[in-house]
Amino acid sequence: MKRRKFIALLGATAAWPPTARAQQAKSPRVGVLMLGNPDPAFFLGTFREELQKLGYLEGQNLTLESRSAGGFPERLPSLARELVDLNVDVIVGYQTPSVAAAKQATTKIPIVMSPAADPIATGFVASFSRPGGNITGVASATGEVAGKNLNFIREILPTVRKVAVLGNAIDPFHQPFLESIALAARALQFEIKPVLVRGSDEFATAFGQMVTSGAGALIVQPSLPRQPAAEAALKSHLPLFAPSDEFTRAGGLLSYSADIMSVYRKAAIFVHKIVKGGKPSDLPVEFPTKFQLVVNIKTARALGVTLLPTLLARADEVIE
């Protein structure tokens with residue numbers, strides 16, 4: 001190629017708009033690992049929407065590799081290895097079990113928690129300010145807000161003394177979750193009845209145990225299936241409380257929880273930072289900053305529970 005022609009071509013390339021030059025660069029490949037139970041559709045929709053706001057379009061300058069275990073935890077390790085074999089640039093773990101599987105599969109590929117409960121206790125990070133390894137992202141406030149849900153049980157159901165807690169046996173966070181509730185329960189003089197399940201196929205037996213124990217209310221761990229839990233609670237005439245508003249939308253009575261949409265958006269921002277060269281070891285873990293109270297009047301009527309006007313006035317959302 002003649003020198004004059006080469007210089008002209010070089011000048012034309014430099015004149016390309018930034019978006020055109022970006023499309024010539026390697027498009028990031030992002031893996032998303034999900035247990036698939038609860039349904040990840042809402043998470044994926046919010047996550048994709050935020051990525052688009054950040055300038056990433058699937059099929060143009062982004063490849064998204066989504067893998068769901070369909071609610072079967074034993075499938076997570078092989079799906080995590082599949083993402084590693086695809087050599088993705090980052091893996092996003094939707095909830096704690098998926099983060100745990102990704103951690104076992106790789107110590108090199110960056111992993112973003114979306115979210116994970118108590119990441120220090122579960123061994124995901126060394127500290128919140130300096131994660132230290134290949135994992136960072138958003139930590140949930142599930143343990144803290146689960147205890148606050150007990151306050152609402154006391155307010156709405158003052159005669160209840162026994163509260164059942166439905167925990168997810170396959171979630172590494174289930175033990176700290178139960179401990180947080182037990183700690184709050186002592187101050188409120190509640191008797192806690194913990195029941196562990198591995199999925200919705202064990203709900204019939206679990207809810208039978210709760211009713212037999214004399215429990216007057218129920219708190220559910222957010223990583224369990226929402227709709228089946230809400231339906232089983234209503235059938236068993238157990239008011240369902242949860243540190244996740246998605247349970248209330250599915251038919252639970254009340255939830256005090258982090259604003260989960262903001263958590264999912266933060267995960268996309270972490271992906272953006274890592275794609276741009278950020279190291280997980282140097283990106284501080286973030287926490288939810290928005291919380292919301294959601295109540296379901298339709299469920300209250302079905303259960304014969306009275307929700308006082310003062311409570312409804314404090315709610316961020318009332319479902320009718």
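Reply: Two residues are in contact when heavy atoms of theirs lie within 4.5 Å. Keep that in mind for the packing of helix H8 below. The model is predicted.

Me: What is the average pLDDT of the protein chain, and where is the pLDDT below 50?

Reply: pLDDT is the predictor's confidence in each residue, on a scale from 0 to 100. The protein chain averages 91, and 92% of the residues score at least 70. Over residues 1-24 the value is below 50. Leaving aside near neighbours in sequence, that stretch has 7 contacts in the model.

Me: Which residues of helix H8 are buried?

Reply: A residue counts as buried under 20% relative accessible area and as exposed over 50%. In H8, which covers residues 203-213, the buried ones are Phe203, Ala206, Phe207 and Met210. Viewed down the helix axis, the buried residues fall within an arc of 95°, so they line one face of H8. The face turned away from them carries the exposed residues Ala204, Thr205 and Thr212.

Me: What do the buried residues of H8 pack against?

Reply: They pack against three strands, E6 (162-168), E7 (191-197) and E8 (217-220), and against helix H9 (226-235). Just after H8 comes glycine 214, with a positive phi of about 90°.

Me: Which residues other than glycine have a positive phi?

Reply: Asparagine 87 is one of them, with phi near 60°. Asparagine 87 sits in the loop between helix H4 (76-85) and strand E3 (90-94). Its relative accessible area is 58%, over the 50% cut-off, so asparagine 87 is exposed. Aspartate 118 is another, with a positive phi of about 45°. Aspartate 118 belongs to the loop between E4 and strand E5 (135-140). At 30% relative accessible area, aspartate 118 is partly exposed.

Me: Where is a cis peptide bond found, and what is its omega?

Reply: The bond from serine 114 to proline 115 is cis, and its omega is near -20°. Proline 115 lies in strand E4.

Me: Is threonine 106, in its loop, buried or exposed?

Reply: The loop in question runs between helix H5 (96-105) and strand E4 (111-117). Threonine 106 has 8% relative accessibility, which is under 20%, so this loop residue counts as buried.

Me: Which residues does threonine 106 touch?

Reply: Setting aside residues up to four places away in sequence, threonine 106 touches Val84, Ile91, Ile111 and Asn134. Within the loop region, a polar atom of the threonine 106 side chain lies 3.0 Å from the backbone nitrogen of lysine 108.

How values were computed: Residues are numbered from 1 along each chain as its sequence is written. This is a predicted model: local features need pLDDT of at least 70, side-chain atom pairs count only at pLDDT 80 or more; totals for chains, interfaces and linings use all residues. Side-chain values use heavy atoms; hydrogens and water are left out. Helices (H or I, at least four residues) and strands (E, at least two) are DSSP runs, numbered from the N terminus. Buried means under 20% relative accessible area, exposed over 50%, partly exposed in between (1.4 Å probe, protein chains only). A polar contact is a pair of N or O atoms within 3.5 Å; within protein, one must be able to donate a hydrogen and the other to accept it, and residues adjacent in sequence count only if both atoms are side-chain atoms. The arc is that of the directions from the helix axis to the C-beta atoms.
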